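Keep the structure in view while reading the paragraphs that follow. They go through it part by part, and each term is explained where it comes up.

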Amino acid sequence: MRIVLLCGGSGKRLWPLSNEIRSKVFLKLLKSDTGVRESMIERICRQLDEVGLLQSTCIVTHHSQVEITRTYVGEHIPIISEPFKRGTYAAVALAVTYLKEKILVDSNETICILPVDTYVDSAFFQLIHRFPEVISRSKADLALLGTNPVLPSDQFGYIVPVIPKESEEFAFIHHFIEKPNEKTAAQLIEQHALWNCGVFAFPLGFMLTYLKDKGAPDLVETWLTKYDLLANTSFDREVVELNPNTVVVRYEGLWQDVGTWKALTPYCEHSVIGPGRISDDSVNTHLINELPYPIEVIGVSDLIVAANPDGILIANKEKAHLIKESLAQVTKIPMYVEKRWGSYHILQYWKVDDQGKEGMIKIVKLVTGEMTSYHLHGNRQESLTILSGIAEIRIGDKLYRRLAGDVLRIPAGIKHGIKAVTPLEFMEVLLGKELSEEDITRFTQTW
């Protein structure tokens, strides 16, 4: 069996800590058995490893998150890069094409699609191990995982099964209902409906045949060249809900979609993370602060207070999910970004004039021994001031060593790279046109 992890997201529901680059799956907030906080992606990779599935796992994510994903999962898991965000149907189609073409997976092998932002216990993965047998016994095209609802919720999709005998471990599916109102949800629960866990399994050949019948590309490169033209649609809607030969396996253990502040905070290591305090009479309130300034919370309950360079959120936990709607029409440069070599945050951004010129000041941190790629920028010049540590900077064919207080200017179009000899922090002043992440030409990751 092969596992495909769907990783990414727009970074809005857990704003301000999450953004377009550092989405929710990278936030190191969850408590772990080791006492060290871990992220969603680290947790699910650890759990897959515990049941022997990590070595057969690959990850699909948007190209802007490939670097940060690699930082969190290491070098040994294949990462499939999407050039555009186009929903789970496109991601799954790209993944199965990749598995067939690049890894030469047999058409009879079971493929299991998993969302990264699922908080579950180890029994969940033991159940996943049984998918190949379930598909073989049921002769179904698709197998899904469903869990017993704990309350009538309008936040989940529902699977209504054909009522199975108690001894059966799977049931064929009658129909699906996506995020009904609470009254309808209560009626669905009476019909033994399950919450849809967003987990899908199928023989690779099933999806390859499906794609062929749709006239879809059969090569990865062809998919990538047409990706921007694909509809933004879900795998549920495009495939699962239209297929009559689908079964569901009931899962009765811990399952939680930790994609909102209300859902996530019960699993956080502490109620206060970062500088600040919460008064004793503030019940069920959480403070997560990535700013250097302390935040004091006094006499208010059921709040999430989250702060970092991207902004500050103060919300009742029941209403915090509405932040996604508030940000829907806002296009904002992420102020804090994690990279494979370290991180940076933006202190200031401004328009220089009406000719499209812009300015930006960043504080950049590199981990000892790490380096940026050897690259150039076509539309901007950079001025670096070393704040602390020792840097090796390659400009063209020359290598320079710079210490705290040293200043170096890099014109547009000049190849360069920066390495941290010791923990390195520098200020970077950028001036140019369209200061975007896309203005970069990489020649090599290491030099």
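A residue is called buried when its relative accessible area is under 20%, exposed when that value is over 50%, and partly exposed in between, using a 1.4 Å probe and protein chains only. Helices (H or I, at least four residues) and strands (E, at least two) are DSSP runs, numbered from the N terminus. This is a predicted model, in which local features need pLDDT of at least 70 and side-chain atom pairs count only at pLDDT 80 or more, while totals for chains, interfaces and linings use all residues. Residues are numbered from 1 along each chain as its sequence is written, and side-chain values use heavy atoms, with hydrogens and water left out.

Start with strand β9, which covers residues 194–203. Nine of its ten residues are buried, and the strand is described as mostly covered. Which strands pair with β9? Two strands count as paired if DSSP finds at least two bridges between them. Strand β4 (residues 110–115) runs antiparallel to β9, with four bridges, and in this pair Thr110 is opposite Pro203. Strand β6 (residues 142–147) is also antiparallel to β9, again over four bridges; here Gly146 faces Asn196 of β9. Strand β7 (residues 157–161) is joined to β9 by two bridges, and these strands run antiparallel too. Within this pairing, Tyr158 has Trp195 as its bridge partner.

Now look at the loop that leads into β9. His192 sits in the loop between α6 and β9. This residue has a positive phi of about 65 degrees although it is not a glycine. Is His192 buried or partly exposed? It counts as partly exposed because its relative accessibility is 46%. Lys179 gives a similar case to examine, in the loop between β8 (170–178) and α6 (182–190). The phi of Lys179 is also positive, near 45 degrees, and this residue is not a glycine either. With a relative accessibility of 47%, Lys179 is therefore classed as partly exposed.

Towards the start of the chain numbering, the loop between β1 (2–6) and α1 contains Pro16. The peptide bond between Trp15 and Pro16 is cis, with omega about 5 degrees. Helix α1 itself spans residues 40–50, and its buried residues include Met40, Ile41, Arg43 and Ile44. After α1 comes Gly52, which has a positive phi near 75 degrees.

A separate group of strands forms an open sheet. Four strands take part, in the order β12-β14-β16-β17, and their pairing is mixed. The edge strands are β12 (272–273) and β17 (311–316), each of which pairs on one side only. Between β16 (residues 303–308) and β17 there are six bridges, in the antiparallel sense. One of the matched residues is Ala307, whose bridge partner in β17 is Ile312.

The last stop is Lys362, in strand β20 (residues 357–366). Lys and Arg count as positive and Asp and Glu as negative, with His and the chain ends not counted. A salt bridge is a side-chain nitrogen of Lys or Arg within 4 Å of a carboxyl oxygen of Asp or Glu. Lys362 is buried and has no salt bridge; Glu428, the nearest side chain of opposite charge, is 4.3 Å away. Contact means heavy atoms within 4.5 Å. Leaving out residues up to four places away in sequence, Lys362 touches several others, among them Tyr344, His345, Phe426 and Glu428.
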